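Let's work through some exercises on charged side-chain pairs. Keep the structure open beside you and try each task before reading its solution.

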Amino acid sequence: MIRRARWPRRAADLRHVRTISGLVECRGCGLFQCMPSLQAGQLAECARCGQTLEWRRRTSPLQTPLAFCISSCALYLAALLSSLMTLNVYGRERTVSLVTGPMELLHEGWGEAGVLVGLVTIAAPAVVIGMMFAILYAASRRQMPDWAPHLLIWYEKLRPWSMIEVYVLGIFVAYTKLTDLAHVDVGPAVYLISALMLTMAASDSTLDTERIWRHRRVDSVTRMENGRRVEVDHCRIEDIPMPPADHLVACPACGLVGELSLPVSNLCCVGVCPRCDHRVWRRSPETLARTTAFLISAITFYFPANLYPVMTFFKIGGGGGHTIIEGAIELWQDGMIPLSLLVFFASIVVPMLKIISLSWMVGCTWRGTSFALVQRTRLFRIVDIIGRWSMIDVFMVSILVAVVRFNSLANVTANAGMVSFAAVVVLTLFAAWSFDPRVMWDAAGLNGPSPDDVGPAAVSAARPRHAAGPDSMEPRQA
């Protein structure tokens with residue numbers, strides 16, 4: 001049984017908090033290390049797991065992302081008002097736009113899928129573009145406004161839900177399926193969305209969030225979880241000896257490293273960050289329990305998602321239901337082998353690999369093993385990146401349902417398999433985002449001692465093999 005951590009022992013024990021500049025924590029393995037001064041085009045990687053800690057862009061930190069953001073706004077508005085594609089079946093035409101697919105799913109009674117598609121293709125891009133404008137405006141001010149840190153935190157959380165790049169592939173797959181049915185004219189929205197994908201990616205790649213956080217002041221007073229206010233001192237790592245690893249904690253939002261006078265618990269909230277006002281946990285709370293719950297739910301939906309048809313395709317002369325694997329086989333038989341492999345990999349292999357990989361990580365963490373720690377950390381980064389691409393089939397079905405509406409001539413309807421598959425994608429995304437890879441290193445005893453009275457299987461190791469020391473890395477060219 002896991003007992004509640006006894007930290008802090010007494011409120012009077014905690015006199016002050018000290019923030020340390022030039023010290024960073026790797027979000028992949030939890031190692032605290034000194035950050036060298038980076039020049040334009042250089043990046044710093046973790047000395048233990050190889051994860052990128054910071055990357056100094058060659059471009060202007062504000063003007064370049066602002067230019068791409070303005071372009072994204074113009075492209076988004078134009079795509080929203082333009083036609084996506086036009087289908088001609090025996091002289092009858094139907095033209096659809098970006099909003100037609102979610103609306104048709106709602107009309108057919110699949111409200112959950114319709115809302116999901118509308119959120120990730122229409123609402124989320126608009127929100128993140130607007131938030132990018134606000135963030136760049138706040139960063140251009142001499143003193144960053146108090147609302148800016150919260151906006152930057154929410155931007156990092158909401159950006160993955162903007163799936164324009166995945167929607168472009170969904171359009172391509174839907175187009176290939178429609179060419180055998182009738183004549184298809186691609187509308188201007190397809191080209192606008194493709195350009196929007198590039199400009200939004202460029203905005204993210206040129207945005208240097210670390211430089212923006214450095215414009216934010218660090219308050220001289222902060223409050224702990226119990227409501228007690230404490231003073232905050234500031235120093236640089238070059239001016240002090242390396243503090244014990246178990247006394248250090250990094251803000252999960254802005255990365256500011258602080259030193260406390262007592263060992264920091266993995267199970268309790270420390271307090272509020274003096275720079276971004278975000279609640280500070282040394283590790284994500286209940287990361288293993290939440291990840292396990294999401295994985296069990298994803299496995300529950302995975303089997304009906306592959307056994308039941310995702311859509312029913314009717315046309316003159318025949319038709320019937322199509323499962324995900326049948327759709328990939330149909331593309332293969334039509335000679336579109338690369339596209340068939342893409343659908344098979346994104347819709348069948350990726351969800352299964354995510355479930356297996358995360359289950360392996362959770363199991364190894366519960367056992368406290370140090371086997372293949374670096375490989376597991378790199379695998380987690382891959383799982384986190386590729387998870388969104390499984391939405392290709394959901395987007396394809398939404399497009400086909402919208403454009404193929406010709407009653408007895410040709411018709412496409414969504415089925416329960418599509419809703420189950422969408423649930424698998426969302427649940428595996430939540431599972432990956434709720435898992436904290438640093439706990440794998442904690443469980444192996446490689447991040448120093450823990451004050452928690454728990455065993456290795458509960459995230460903290462009883463016998464640390466070696467504590468994190470004052471490691472540093474050499475910058476290299478990006």
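**Exercise 1.** Find the salt-bridge partner of Arg94 in this predicted model, and decide whether each side chain is buried or exposed.

*Solution.* Start at Arg94: its partner is Glu104, with the closest N and O atoms 3.1 Å apart. That is within the 4 Å cut-off, so the pair qualifies as a salt bridge. Next, place the two residues: Arg94 sits in strand S7 (residues 92-97) and Glu104 in helix H2 (residues 100-107), 10 residues apart. Finally, check accessibility. Arg94 has 22% relative accessibility and is partly exposed, while Glu104, at 12%, is buried.

**Exercise 2.** Which parts of the chain does the pair of Arg217 and Asp146 tie together?

*Solution.* First confirm the contact: the two side chains form a salt bridge at 3.1 Å, N to O. Then locate them. Arg217 belongs to the loop between helix H7 (209-214) and strand S9 (221-223), and Asp146 to the loop between helix H3 (111-140) and helix H4 (148-158), so the pair joins parts that are 71 residues apart in sequence. Arg217 is partly exposed, at 35% relative accessibility.

**Exercise 3.** Is the salt-bridge pair Arg283 and Asp442 buried or exposed?

*Solution.* The closest N and O atoms of this pair are 2.5 Å apart. Arg283 lies in the loop between strand S14 (279-281) and helix H8 (287-307), whereas Asp442 is in helix H14 (residues 438-443), 159 residues apart. Now apply the cut-off for buried, under 20%: Arg283 has 1% and Asp442 has 6%, so both residues are buried.

Methods. Residues numbered from 1 in each chain as written. Predicted model: local features only at pLDDT ≥ 70, side-chain atom pairs only at ≥ 80, totals over all residues. Heavy atoms only, no water. Helix = DSSP H or I, 4+ residues; strand = E, 2+ residues; numbered from the N terminus. Buried < 20%, exposed > 50% of the residue type's maximum accessible area, 1.4 Å probe, protein only.
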